[in-house]
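Subject: Structure handover

Hello,

Here is the structure I said I would pass on. My notes on it follow below.

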Amino acid sequence: MTEKIVEVENLKVSIGRKTVLDNIHIQFQKGESVVIAGKNGAGKTTFLKCLANVILPDQGRIVFSEKVIPEKMGYISDKLSLFENYSVKQGIDFHSDVYQIQDFDFTLINELKLNLNQKIKNLSAGERTLYHLGLILAQKPEILFIDEIIHVIDPYLREKFLEAVIDLIDRCQTTVIMVNHTFSEIEKIPDRVLVMEKGQFILDEQTESLGEKLKKVVAKEEIPEEVPCIFKREASYLKEYFIYPFDEALRKKFPHDYKNINLNEIIKAFIGGQYAKKGNQ
Amino acid sequence: MLKKEINDVLKQIAIFTAFALVIPAFLIITTIISNQSYFSVFFPLFQFSLPFWAFFMGASLFSVERGQRGMEYLLSLPYSRYEVVGLKILPRLAAVVLFYVVFLILYTSGGEDLVALPFFSFTFLYFSLYLISLSLSASSENFIILFVSSLFSLFIYLNLLLLVFWLAVRAKVDIPFDTLDLRDFLTLEWNPEITVLAYFSAFVLLLPLLVSFGLSIKKLDIRPAKVYNKRFFKLFAPIFLGCFILSFLFAHGSIITGYTYYYLTKDHKLIESTPYSGIKIYDGSKVHKIEGDFGSYWPSPFHEENEYVYDEISNKIVRINMSDYTLEVLYEVPPEKYIRWSIWTHEQTFVFLEYNRNAWDKDKKFVPDKKFVLLDKPSKNVTKISLDDKPLKNHYNLTIFGADGTDGQRFWLLTTWPYKEERHIFKLWEDGKVEHIGKTRKWPFYINGMLLTYSGDELIIHQEKEGNYVPIQRIPNPEGYRFGLSYYFRTNLDDIPINELYGTKRITLEDQRIGTSFAILDLENFKIEKIGESKGRMDYYYPEDLYFIETNPVEPEIRIYKYMDGQIRLFKTFEDFDYKKPENRSFWCRSGIVLRRGKKVKVYAYPDLKEIKFKKL
């Protein structure tokens with residue numbers, strides 16, 4: 001049985017005259033791992049910052065379940081934001097003090113072999129990301145927000161980072177909501193995939209069912225309008241149609257070669273494909 | 001979190017203190033400033049730098065986090081925006097107060113004479129700048145922009161304050177704008193008494209910034225500052241309108257009608273003057289108005305004769321006809337000049353000293369251009385005698401204290417301000433000749449051809465013999481009484497049969513209050529007789545009305561004592577009159593006393609101090 005951990009209602013955020021998030025309604029469940037993808041400027045980071053209380057919505061509300069007290073929320077920003085003039089030790093002390101952490105778990109930080117007197121600003125991007133994750137893990141968070149950070153970490157630390165996140169999900173049933181462009185490294189993580197476009201979610205599917213619901217048709221000719229194509233990509237004389245939602249009845253009515261595609265390709269298609277308006281209904 | 005903020009502020013305090021201490025030492029060591037004590041260099045620099053400190057403490061609310069790319073981390077912490085801002089303001093406000101306390105300690109420990117800015121101006125600027133920069137702290141990430149916008153806002157704020165008070169004054173009296181000066185607000189030394197309401201008025205005008213900050217900070221996030229500013233100004237506009245009106249109402253309430261002055265004439269008519277609102281004369285049954293630009297005229301006639309009252313109004317010597325209630329200008333002082341001290345009346349001539357307003361010319365040369373002016377009352381003819389030549393060349397502060405004449409030529413007596421406890425006495429003849437006739441240790445006096453001077457413990461009475469004043473009596477005066485005229489009386493007593501002179505000296509009473517001891521000098525047998533003591537000030541009027549006016553700081557009342565039958569007796573008590581309240585005022589005139597309690601004005605006339613009723617007063 002699923003347990004709702006956060007519900008977003010009617011969320012709207014503008015920057016100047018531009019509407020960045022436009023009337024978003026969505027729910028997240030406990031223990032769920034969600035990846036949000038989308039083009040640059042689609043509103044992914046703004047949405048995550050809203051969840052993390054860094055941006056306050058102009059309209060709408062975000063309601064967390066009673067279990068999710070502020071001390072049980074973690075946020076790693078894309079800017080690797082920390083008080084960087086602090087030493088590693090001062091950062092730990094401050095974080096422990098603010099989040100009322102009694103016994104700080106140094107496991108991840110020890111693995112990094114950091115000098116405790118080293119200033120945070122002198123850490124590499126990867127070290128800093130894992131250090132921040134280490135701080136958050138000590139909170140034993142109910143929910144964790146990670147914003148487009150994986151691509152700045154080297155492959156060795158990236159693996160450590162993802163292992164720690166997966167371990168957290170397994171051990172603590174933590175809800176993890178990540179923003180990421182690519183899925184090649186994190187394909188194992190998401191239970192659910194969201195794709196954003198122009199401040200709205202245009203795709204919201206469980207990863208398992210996504211392969212069944214999204215097919216690709218490669219054809220020279222146009223496909224009939226009745227086929228629900230959300231994206232179309234043209235490469236030389238061939239056209240790629242991304243069909244969503246797909247069901248077997250379509251195959252009988254409009255016989256084409258409906259191909260399965262992997263998650264990474266699905267996301268690439270969403271990000272790089274030509275947006276078909278009808279798919280955004 | 002609070003610990004972090006305290007640490008941040010402590011570091012800033014350490015840096016500021018180091019600079020404040022080191023820069024004066026550097027200036028002295030490098031002899032950029034030489035021959036001065038460390039404190040005399042440190043204190044003005046310290047005071048000058050404190051408003052910058054106040055600005056920094058206000059504007060730097062988020063500067064540490066912004067400088068460390070820690071803003072997102074800060075906002076993601078498990079605190080509400082109000083908690084974050086509160087935890088940040090607390091140590092910074094404490095630091096602002098701490099340095100103000102340090103300033104106060106230094107100010108009272110010898111810094112008073114070294115201030116770069118007057119005390120009230122400084123206090124006002126210091127806290128205003130802190131509150132303004134705090135209100136604007138989230139409006140930009142750029143410190144220079146914050147600094148410029150804070151200074152600009154301070155400038156606008158001070159001008160708005162000026163405008164509010166000007167409108168408030170205008171709502172009560174008709175006053176030209178150019179008579180108000182921004183400096184008045186900085187020094188808080190302007191005419192309408194500054195009361196608590198005036199401070200409220202100033203504070204309320206800061207509220208739009210503070211309230212807008214308080215409300216918009218609730219939604220502070222990491223979006224560009226323009227998003228925050230848009231919200232800020234949306235709130236600011238209506239709050240500003242409301243606060244401007246409220247500030248005006250407070251300012252209006254703070255301007256006290258006690259600004260109106262009164263004078264009771266010898267014919268028991270009451271002159272009332274409200275600045276810039278003309279003069280009213282109450283004759284008992286009617287009110288007569290004299291229109292005209294009289295500035296901030298405080299009626300204090302120097303002479304009353306027949307139906308005329310003579311006074312100085314806005315650098316003009318005027319005569320008010322109390323029969324037909326008209327005003328005639330007898331002499332107008334040139335705009336670059338002013339009348340120094342009071343006007344002396346002798347026979348048909350008024351005399352006074354006329355000085356340059358700006359005694360330092362453009363080459364920084366001292367040119368007081370002292371003139372002794374004789375105004376003939378019947379003809380209005382004016383004669384001017386220059387006092388810039390020897391022997392008066394080096395005497396700036398001159399005062400007229402007597403007049404007389406011999407062989408058909410008149411002369412006036414002038415005294416200088418004390419130098420090494422001695423005043424010089426000069427005789428100025430009508431033809432411009434000046435004679436130095438002696439020195440005195442106290443204010444001299446002239447009556448019936450006798451000149452009274454003082455040595456260390458003697459009162460010396462001189463009389464003129466062959467052009468010189470020679471002592472005819474040396475009266476022991478070990479207690480140091482000074483005999484002569486009271487403040488409001490500036491004329492020779494030649495026409496009044498005077499048998500005795502009244503003298504006073506300041507004393508410290510048993511309860512440590514300042515009082516006055518009184519004595520009488522018998523002009524027939526030249527003896528001094530001590531007659532008593534009084535708490536507070538005294539007034540006395542010749543020939544024989546000697547009144548003691550006692551104000552008591554504990555009991556809200558005024559007691560009038562009178563010298564009668566060789567004794568001082570309680571003569572009249574005005575109860576329920578707290579002279580310390582700004583809405584209460586007392587006006588002491590030659591012919592009576594005018595008391596105002598709030599809006600109620602009551603007039604009491606000598607010699608019995610019975611109340612005189614004036615209709616429509």
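Leaving aside its neighbours within four places in sequence, which residues is B:Pro91 in contact with? They are B:Glu5, B:Ile6 and B:Val9. Please keep in mind that this is a predicted model.

The surroundings of B:Pro91

B:Pro91 sits in helix α5 of chain B. The residue counts as buried because 22 other C-beta atoms lie within 10 Å, and the cut-off for buried is 20 or more. Along the chain, B:Pro91 and B:Lys3 are 88 residues apart, yet 9.4 Å separates their C-alpha atoms.

The three partners of B:Pro91 named above also appear in a contact between two helices, α1(B) and α5(B). Helix α1 covers residues 2–29 of chain B and helix α5 covers residues 81–111. Their axes come within 9 Å and cross at roughly 30°, and the crossing is right-handed. From α1(B), the contact uses B:Leu2, B:Glu5, B:Ile6, B:Val9 and B:Ile13. From α5(B), it uses B:Leu87, B:Lys88, B:Leu90, B:Pro91, B:Arg92 and B:Ala95. Sorted by class, the residues of this contact are eight nonpolar and three charged, with no polar ones.

Helix α5(B) has further buried residues besides B:Pro91, among them B:Val84, B:Val85, B:Phe99, B:Phe103 and B:Gly111. Two charged residues, B:Lys88 and B:Arg92, are also on the list of buried residues of α5(B). The buried residues of this helix pack against α1, α2, α4 and α6 (119–135) of chain B.

The two chains

Chain B has 617 residues, of which 31% count as buried. Its elements are 11 helices and 32 strands. Chain A has 281 residues, and buried residues make up 40% of them. Eight helices and 14 strands are found in chain A.

For contacts between residues at least 6 apart in sequence, the part that joins residues at least 24 apart is 45% in chain B and 74% in chain A.

Where the chains meet

The contact between the chains takes 21 residues from chain A and 19 residues from chain B. On the chain B side, α4 (71–76) and α11 (225–254) each supply at least two residues. The largest share of that side, five residues, comes from α4(B). The side of chain B that touches chain A is made up of nine nonpolar, seven charged and three polar residues.

The nonpolar cores

In soluble globular proteins, nonpolar side chains tend to be buried together. The largest nonpolar core here has 128 residues. Those with the most contacts inside it are A:Ile36, A:Ile177, A:Phe242 and B:Ala54. Helix α2 (residues 38–59) of chain B gives the most to this core, namely 11 residues. Domain 1 (4–204) and domain 2 (214–280) of chain A each contribute at least three residues to this core.

What does A:Ile177 touch, leaving aside its neighbours within four places in sequence? Its contacts are A:Phe28, A:Val34, A:Ile36, A:Leu48, A:Leu51 and A:Phe145. One of these, A:Ile36, is itself among the residues with the most contacts inside the core.

Apart from the largest core lies another, of 71 residues. Its members include B:Tyr262, B:Tyr297, B:Ile447 and B:Leu459.

Regards

Notes
Residues numbered from 1 in each chain as written. Chains lettered and ligands numbered in written order. Predicted model: local features only at pLDDT ≥ 70, side-chain atom pairs only at ≥ 80, totals over all residues. Contact = placed C-beta atoms within 7 Å. Helix = DSSP H or I, 4+ residues; strand = E, 2+ residues; numbered from the N terminus. Axes fitted to C-alpha atoms, helices over the stretch in contact; angles between N-to-C directions. Left-handed = near helix turned anticlockwise from the far one by under 90°. Core = buried A, V, L, I, M, F, W, Y, C linked by C-beta atoms within 7 Å. Buried ≥ 20, exposed ≤ 12 C-beta atoms within 10 Å, placed from the backbone. Domains from an automatic or database assignment.
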